[in-house]
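Please open the model in a viewer and follow the selections below in order. The tour visits internal cavities and then the contacts of aromatic rings.

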Amino acid sequence: MLDILIKNGMVIDGTNSPAFKVDVGIAEGRIAVVAESVEQQAERTIEAQGLHLAPGFIDPHTHSDLTLLVEPRAESKIHQGVTTEVIGNCGGSPAPLLGAIVEEARAGATSLGLDITWASMTDYLERLRHSGTALNVVPLVGHNTVRGAVLGFNDVQPTLEQQAEMERLVAEAMEQGARGLSTGLFYPPGFYARTDEVIGLARAATRYGGIYATHIRNETNRLLEAVAEAIEIGRQAEIQVQISHIKLEGYRNWEGVDQLLSMIEDANSQGVRVGCDQYPYTAGVSWLAYILPYWAQAGGSKVVAERLCDPEIRARLRKDWEENRAEWEDRGGMRDWTDLLITNCGPRPDVQGKNITEIAADEGKDPLETAFDLIVVSQGQVECVCFGQLEDNVRILMRHPLVVVGSDGEALAPYGVLAKSKPHPRYYGTFPRVLGRYVREENVLSLEEAVQKMTSVTADRFGLTDRGVIRESAWADLVLFNAQTVADKATYTNPHQYPVGIPYVIVNGVVVIDQGQHTDALPGKVL
Ligand SMILES: [Zn+2]
């Protein structure tokens with residue numbers, strides 16, 4: 001007896017083989033049979049005529065570490081067909097929480113109404129298992145988290161003992177279930193780290209068969225240098241590298257796409273395994289405070305906000321802005337202030353959805369002062385999107401076989417505390433946008449290629465066995481979608497909108513999205 005039988009769907013198995021019409025039977029969480037016509041009895045039959053059946057999408061780059069605890073249904077992701085999320089990216093992980101990192105984590109958690117009750121990766125994962133999740137979760141341990149725990153948020157270099165302590169924390173998190181190390185070398189305190197420090201930590205992850213996922217040091221004027229550093233870390237630590245949210249940000253850098261891709265190809269031909277993920281949009285997300293020079297970002301978000309209350313420091317920053325404007329634009333990935341759109345500012349919800357130029361005009365202020373004031377009023381917790389990329393480059397990168405799809409988004413919901421911000425639309429739209437806009441409308445990829453970039457390639461990189469493919473005995477993580485109608489609906493001004501054309505999502509053999517509705521099932525596992 002099967003639990004579920006899916007009849008007459010066009011199966012895209014995840015390996016880039018052409019779609020073929022077969023029936024798929026599920027029993028005990030796994031795919032039990034894939035055959036032309038399955039006659040076995042089933043508890044439930046889903047008629048899939050006119051739909052495509054693919055492996056559930058694997059999102060290699062997310063920041064759902066806390067939001068999954070707030071809303072385990074993972075609405076914005078599961079509605080896209082995502083059945084597995086990799087969390088702990090960009091150097092920031094939910095554990096280990098020690099030292100100076102605790103207060104920083106608490107600030108983020110409090111805004112979500114969440115209590116931090118864990119310190120180690122074991123404790124965090126236990127809490128996640130206890131509350132349950134709609135989708136599977138793959139945790140990484142973050143360099144910024146570990147560095148913040150041992151060294152705080154200041155511009156310092158580790159002693160030998162401190163380096164050993166950071167490596168020990170990475171190894172411990174790996175032992176407790178992390179599947180790799182992430183870095184955010186663009187962010188504090190990661191940007192203080194030298195390459196050797198990261199190589200040491202990556203080696204600790206290598207010993208457990210982990211991956212090295214990196215938000216590289218610079219995605220704008222020093223992009224190629226930063227990619228070279230990521231490759232060097234992969235080479236020396238002998239670890240698979242995943243360059244997160246690959247992009248060419250800042251209009252001065254738009255010409256460099258061929259050079260960027262050939263560097264990555266060369267590394268692979270020399271035996272360094274380097275892959276990338278990408279979100280299908282021309283705007284990125286950042287904290288507004290990251291436009292500041294590094295010295296002004298030191299000390300953690302509260303300290304940064306306090307610093308900006310000092311008129312002398314403001315004057316010094318203004319002078320720096322006037323003299324080194326290109327560097328400010330580089331950090332912000334912007335051409336001018338209209339490129340920065342505020343998405344999340346707790347104490348000032350009225351500015352969400354407006355760009356800095358508009359807010360400044362509304363308030364009769366100068367844009368730079370406006371930016372400073374928003375950082376102060378939010379205690380450093382103001383987020384923005386920046387329109388810094390070229391559409392042609394998005395397509396060129398998407399087409400490359402080493403680039404997979406990743407949202408760089410959080411699991412949110414259009415209700416409750418997670419609906420309060422105006423997030424980047426990629427949180428709700430990434431995967432259906434690739435299938436609708438870039439496959440159906442623009443023919444950038446074939447449907448089979450796109451699915452492969454959402455499933456098996458990512459599963460291989462993260463060492464997820466029996467996931468990301470449709471074949472007998474694989475886990476039954478599946479998505480049914482209508483290739484004619486699948487589309488993202490989320491926009492920058494109205495982001496909390498589910499996509500359309502994805503009627504069924506199954507996780508570990510359990511139906512989570514049923515005719516477009518969430519069933520409240522929480523069958524996800526920590527992988
Ligand atoms: Zn990042």
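The lining of the second largest cavity has 5 nonpolar, 1 polar and 1 charged residues in this predicted model. To display this lining, select Q278, M398, V403, V404, V405, V434 and K453. Strand β17 (residues 403-405) gives the most to it, with 3 residues. The space enclosed there is about 30 Å³.

Next, select I246, K247, L248, Q278, Y279, Q389, L390, N393, V394 and L397, which line the largest cavity. Its volume is about 50 Å³. Here helix α16 (residues 391-399) gives the most to the lining, with 3 residues. By class, 6 nonpolar, 3 polar and 1 charged residues make up this lining.

Keep Y279 in view and add R426: the charged end of R426 sits over the ring of Y279, 4.3 Å from its centre. For another such arrangement, select R30 and W475; R30 lies over the face of W475, at 4.1 Å from the ring centre.

Turn now to ring pairs, of which the whole structure holds 11. Select F186 and Y290: the ring centres are 6.0 Å apart and the planes stand at 80°, so the pair is edge-to-face. F186 lies in the loop between β10 (180-184) and α7 (195-206), and Y290 in the loop between β14 (283-287) and α10 (294-297), so the pair ties together parts that are 104 residues apart in sequence. F186 counts as buried at 12% relative accessibility, and Y290 counts as buried at 13%. Add Y187 to see the cluster that ring pairs form from F186, Y187 and Y290.

Key. Residues are numbered from 1 along each chain as its sequence is written. This is a predicted model: local features need pLDDT of at least 70, side-chain atom pairs count only at pLDDT 80 or more; totals for chains, interfaces and linings use all residues. Side-chain values use heavy atoms; hydrogens and water are left out. On a 1 Å grid over the protein atoms alone, a cavity is a set of points where a 1.4 Å probe fits but cannot get out, and a pocket is an open set with protein on both sides within 12 Å along at least five of seven lines; lining residues have an atom within 4 Å of a point. Grid points are joined across faces, edges and corners, and a volume is the space filled by probe spheres set on the points. Helices (H or I, at least four residues) and strands (E, at least two) are DSSP runs, numbered from the N terminus. Ala, Val, Leu, Ile, Met, Phe, Trp, Tyr, Cys and Pro count as nonpolar, Asp, Glu, Lys and Arg as charged, and the others, Gly among them, as polar. Rings of Phe, Tyr and Trp (its six-membered ring) pair if their centres lie within 6.5 Å; planes under 30 degrees apart count as stacked, over 60 as edge-to-face and the rest as tilted. Buried means under 20% relative accessible area, exposed over 50%, partly exposed in between (1.4 Å probe, protein chains only). A charge sits over a ring if NZ of Lys or CZ of Arg is within 6 Å of the ring centre and within 35 degrees of the ring normal.
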